[in-house]
Amino acid sequence: MSKPRPCLPAALSVALLLSAALAQQTVTVRVQVRDYADFTRLTLEASAKLETTLSRTGATLDIQVDSPASLRLQTAPVSSRLVRSINWGRRGGRAILTVELKSSTFTYNAFTAGQPFQLMLDFREGEEEAKPPAGEKVSAPPPIARASAPPASGVRTIVLDPGHGGIECGAKGKLGALEKDVTLAIGLKLKAIIERNLSFRVVMTRDKDTEVSLENRAALANNNDALLFISIHANGSYKKSSNGSETFFLSLNALDEEIRRLAYFENTQAELEDRIAAREEEQDVLRMILWDMAQAAHIRQSSRLAELIQAELNALLGTANRGIKQAPFKVLTEVACPAVLVEVAFLSNPDEERRLVSEGFQNNVAQAIYQGLVSYIRLYPPEGGR
Ligand SMILES: [Zn+2]
């Protein structure tokens, strides 16, 4: 029999080492304030997760920041309708950001998002409503009911497009799962996460099992002056072994045969027949026309969005990374904003089919797309106004 190992002292010394390492680490905390059409957003961004505590007195809001690491505190110059100044100070060894507003009548929503860490406060003018008592910790994002509210001026719209619907089932799994059901379930979960955490309006191209034409899906995005368009699909392949996630953006010359096949598959049957009938030179003409299409102006940002979403899918799902790809998806061509199509996993693969129908996996997919979206919005903050 071997001697029992000295578990506790070993664990203790590891813990001490860890906290010492963390204490020596320097975390950069940046704060900026930006006006939007109907609110002002303060974003506190850090290179590691922080504990924050808010307390409000009159026209002042203090944000206490706790972290075992040493903090490098930065602020961007403030020029805002509602916020007069932001200043870092220290009290009892703790870093405190003092936000001074121009008036003591204001309301705010606080939420955390992103990786490594973001605290966002959206200030609005007006009488104070019931707010969290002073000193309450901000941890989970508070629910912001926006589901059926009309868009306030300046609030941008994100369009979510669950693929297929109605008589168009999309891919079918061996165990009976239908793509149209999986995409709708993920779309609704993603909608809820966005509305809970971000000040965007979310419009679905469908929120039930109905048929919507590809033209109408794109038109819905354009009529709402959408900030982003995200189409959600589950993949199908004749090879049972095909697996993994991939995110597409529009390409004007995707030549990869498998991608062309998939693009045909996701477009309508009529579209498929038309395309097959078209001669090579006609396809060249089509390619020329594509350059004039709405999406052509947004391809760079679309590819960035695809990249960020794909990175989160890989990190969160543990599915094989099939990468970001370009394909001539019809639904994307007419969309006049950055647009991507996510093929979450393969319904034609029984293992992935089982995952695709599970609530947990669907939640993870929604969470991954959401994280990609947050990273994208950080890179390309929407302009105020519509
Ligand atoms: Zn599909």
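Is arginine 378 buried, partly exposed or exposed? In this predicted model, arginine 378 counts as partly exposed, because its relative accessibility is 29% and the partly exposed class runs between 20% and 50%. The setting of this residue is taken up below, after the overall layout.

The chain holds 10 helices and 15 strands. Of its 386 residues, 49% are buried. Contacts across long stretches of sequence are a clear feature. Among contacts with a separation of 6 or more, 73% join residues 24 or more positions apart.

The largest nonpolar core comprises 59 residues. Ile194, Leu198, Phe229, Ile230 and Val344 have the most contacts inside this core. Helix H10, residues 359-379, gives the most to the core, with 10 residues. Apart from this core lies another, of 29 residues. Its members include Val29, Val33, Leu61 and Phe117. In soluble globular proteins, nonpolar side chains tend to be buried together.

Isoleucine 194 illustrates the contacts of a core residue. Beyond four places in sequence, isoleucine 194 touches Ile158, Leu160, Phe200, Val202, Tyr370 and Leu373. The preceding residue, isoleucine 193, lies in helix H2. Isoleucine 193 counts as buried because its relative accessibility is 6%, under the 20% cut-off. With neighbours within four places left aside, isoleucine 193 is in contact with Ala366, Gln367 and Tyr370. Tyr370 is thus a contact of isoleucine 194 and of isoleucine 193. The C-alpha atoms of isoleucine 193 and asparagine 363 are 9.4 Å apart, although 170 residues separate the two in sequence.

Helix H2 itself is largely enclosed by the rest of the structure, because 14 of its 19 residues are buried. Its end C-alpha atoms are 27 Å apart, which agrees with the 27 Å that its residues should span at 1.5 Å a residue.

Salt bridges were searched for across the whole structure, and 12 were found. One of them joins the side chains of arginine 378 and glutamate 45, at 2.9 Å from N to O. Arginine 378 belongs to helix H10 and glutamate 45 to strand S2, residues 40-46, so the pair ties together parts that lie 333 residues apart in sequence.

A salt bridge also links arginine 94 and aspartate 66, with an N to O distance of 2.4 Å. Here the pair ties together parts 28 residues apart in sequence, because arginine 94 lies in strand S7 (residues 94-101) and aspartate 66 in strand S4 (residues 60-66). At 40% relative accessibility, arginine 94 is partly exposed.

Helix H10 takes part again through glutamate 359. This residue forms a salt bridge with lysine 189, and the closest N and O atoms are 3.4 Å apart. Glutamate 359 lies in helix H10 and lysine 189 in helix H2 (residues 179-197), so the pair ties together parts 170 residues apart in sequence. The two partners differ in burial. Glutamate 359 is exposed, with a relative accessible area of 53%. Lysine 189 is buried, with a relative accessible area of 16%.

Arginine 201 presents another case. This residue lies in strand S11, residues 201-204. Arginine 201 is buried yet has no salt bridge. The nearest side chain of opposite charge, that of glutamate 195, is 7.9 Å away. That distance exceeds the salt-bridge limit, because the nitrogen must come within 4 Å of a carboxyl oxygen. Polar contacts are present instead. The side chain of arginine 201 meets that of threonine 157 at 3.0 Å. A polar contact with the side chain of asparagine 224 is also 3.0 Å.

Helix H7 covers residues 299-317, 19 residues in total. From first to last C-alpha, H7 reaches 26 Å, close to the 27 Å expected. Its buried residues include Ile299, Leu305, Leu308, Ile309, Gln310 and Leu313. Just after H7, glycine 318 takes a positive phi of about 70°.

Glycine 323 follows in strand S14, residues 321-327. Glycine 323 counts as buried, with a relative accessibility of 16%. Its contacts beyond four places in sequence are Ser245, Glu246, Thr247 and Gln310. Of these, Gln310 is one of the buried residues of H7. Serine 245 is 78 residues from glycine 323 in sequence, and their C-alpha atoms are 7.4 Å apart.

Notes: Residues are numbered from 1 along each chain as its sequence is written. This is a predicted model: local features need pLDDT of at least 70, side-chain atom pairs count only at pLDDT 80 or more; totals for chains, interfaces and linings use all residues. Side-chain values use heavy atoms; hydrogens and water are left out. Helices (H or I, at least four residues) and strands (E, at least two) are DSSP runs, numbered from the N terminus. The expected span of a helix is 1.5 Å times one less than its number of residues. Buried means under 20% relative accessible area, exposed over 50%, partly exposed in between (1.4 Å probe, protein chains only). A nonpolar core is a set of buried Ala, Val, Leu, Ile, Met, Phe, Trp, Tyr and Cys residues joined through side-chain atoms within 4.5 Å. Contact means heavy atoms within 4.5 Å. Lys and Arg count as positive and Asp and Glu as negative; His and the chain ends are not counted. A polar contact is a pair of N or O atoms within 3.5 Å; within protein, one must be able to donate a hydrogen and the other to accept it, and residues adjacent in sequence count only if both atoms are side-chain atoms.
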